[in-house]
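The exercises that follow are to be worked with the sequence and the coordinates side by side. Each opens with a task, and a stepwise solution comes after it.

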Amino acid sequence: MEILLLIFTLYLISGPVSCFDVIGYPGGSVLIYCRANQYGGNPKYFCKTPSAQCVYFSQMPNTWSHTDRLSLCDCSDGLRVIYRNLSLQDAGSYQFGEAEVWNQDVNLKVNENPCCLGPKSVSGYLGETVTISCSYPDQFKRHIKYLYKQDDQYFTPVMDTRETQRGRFSISDDRSPAVVSVRISDVREADGGVYFCGVSDGGESVSYYSLYTETQLQVTASMAPTSVPPDEDQFSRSSDTPSTYIHAKSNADPHYCSEEG
């Protein structure tokens, strides 16, 4: 079912509503999860307040719906929102909810921070080891760090700092300079793509992942040695008179291999 983007005055139920801070960064994305103790059959929404610009979730459970930079899902574990490619203008107050049943306020902060600039590029040859490194804000020094890979409109978790090794991937968190690094050994063509470093925060009812520092991993085949072309001019010589000819060494030496800087 196609999402309807409407601007209207939404009737909100009365009662105290807690507000939760969500921190994002320009060019990054946030993945927000909201869980409620009760659910009804009314439409679920995600609104920017006080303008009441609202986007509705699909009425089919466990189905993602997409509109512009927003993706929404009424999933089995609660409502989920992906807000991509954030800008400073996206900061403000938002509200999750189910019409006339429950609501939850979130305050989206979009912070400029030198640590979280991007995008950047990392390149490597097949079979080599490459490293994706990201600085992170001091306030997240003791939080779990993540690496996500973007797949079109979705983000897939690769690994996090609760483990150190997963197959060809290893992760380390150096808290002194506040840098998280992921090493990929025996890099393969399928490893190429867009990655984001991330951190998480939250409580029982609301939690979120803040993805920042976009990194484009480019994987290319190893440079094949260039063979020396055969001499086009073999100095003529008689069969009974030995002669000497010169073989000029090409710059494309078969043992020479240049790498991208």
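**Exercise 1. A salt bridge with unequal exposure**

Determine whether D160 is buried or exposed, and then establish which residue forms a salt bridge with D160.

Solution. D160 has a relative accessible area of 10% and is therefore buried, since the cut-off for that class is under 20%. The model is a predicted one, and in it R162 forms a salt bridge with D160, the closest N and O atoms being 3.0 Å apart. R162, by contrast, has a relative accessibility of 59% and counts as exposed, the limit for that class being over 50%. Elsewhere, salt bridges that share partners join K145, D173 and R175 into one network, and the structure as a whole holds 10 salt bridges.

**Exercise 2. Two salt bridges between separated segments**

Find the parts of the chain that are tied together by the pair D74 and K44, and do likewise for the pair D90 and R69.

Solution. Begin with D74 and K44, whose side chains meet in a salt bridge at 3.3 Å, N to O. D74 lies in strand β7 (residues 70-75) and K44 in strand β4, so this pair ties together parts that are 30 residues apart in sequence. As to accessibility, D74 is buried with a relative accessible area of 13%, and K44 is buried with a value of 7%.

Turn next to D90, which forms a salt bridge with R69, with 2.8 Å between the closest N and O atoms. D90 lies in the loop between β8 (78-83) and β9, while R69 lies in the loop between β6 (64-67) and β7, so the parts tied together here are 21 residues apart in sequence. D90 counts as buried at 6% relative accessibility, whereas R69 is partly exposed at 24%.

**Exercise 3. The pairing around β4**

Identify which strands pair with β4, and locate the residue with a positive phi in the turn of the hairpin.

Solution. On the one hand, β4 (residues 44-49) is joined by 6 bridges to β9 (residues 92-98), and these two strands run antiparallel; within that pairing, K44 stands opposite E98. On the other hand, β4 pairs with β5 (residues 53-56) over 4 bridges, again in the antiparallel sense, and here K48 stands opposite Q53. The strands β4 and β5 form a hairpin with 3 residues between them, and A52 in the turn has a positive phi of about 60°. A disulfide also joins C47 to C54, with an S to S distance of 2.0 Å. The torsion about the S-S bond of C47 and C54 is about 110°, so this disulfide is right-handed, and both cysteines are buried.

**Exercise 4. The other disulfides and an open sheet**

Work out which parts of the chain the pair C134 and C197 ties together, and give the strand order of the open sheet that includes β12.

Solution. The structure holds 3 disulfides. C73 and C75 form one of them, with their sulfur atoms 2.2 Å apart, and both residues are buried. C134 and C197 form another, with a sulfur separation of 2.0 Å and a right-handed torsion of 70° about the S-S bond. C134 lies in strand β12 and C197 in strand β18 (residues 193-202), so the pair ties together parts that are 63 residues apart in sequence.

The open sheet consists of 4 strands in the order β12-β17-β16-β15, with antiparallel pairing. Its edge strands are β12 (130-135) and β15 (165-166), each of which pairs on one side only. β15 and β16 (residues 169-174) pair over 2 bridges, and the bridge partner of R166 in β16 is F169.

**Exercise 5. The nonpolar cores**

Name the residues with the most contacts inside the largest nonpolar core, and state which strand gives the most to this core.

Solution. The largest nonpolar core has 47 residues, and those with the most contacts inside it are F46, F96, L108, I184 and Y212. Strand β19 (residues 206-220) gives the most to this core, with 5 residues. A second, separate core of 9 residues includes L31, Y33, V194 and L211. Returning to F46, and leaving aside residues up to four places away in sequence, its contacts include V55, F57, L70, L72 and F96. Of these, L72 has its place in strand β7 and is buried, with a relative accessible area of 0%.

Technical notes. Residues numbered from 1 in each chain as written. Predicted model: local features only at pLDDT ≥ 70, side-chain atom pairs only at ≥ 80, totals over all residues. Heavy atoms only, no water. Core = buried A, V, L, I, M, F, W, Y, C linked by side-chain atoms within 4.5 Å. Buried < 20%, exposed > 50% of the residue type's maximum accessible area, 1.4 Å probe, protein only. Contact = heavy atoms within 4.5 Å. Pairing = 2+ DSSP bridges. Salt bridge = Lys/Arg side-chain N within 4 Å of Asp/Glu carboxyl O. Disulfide = S-S within 2.5 Å.
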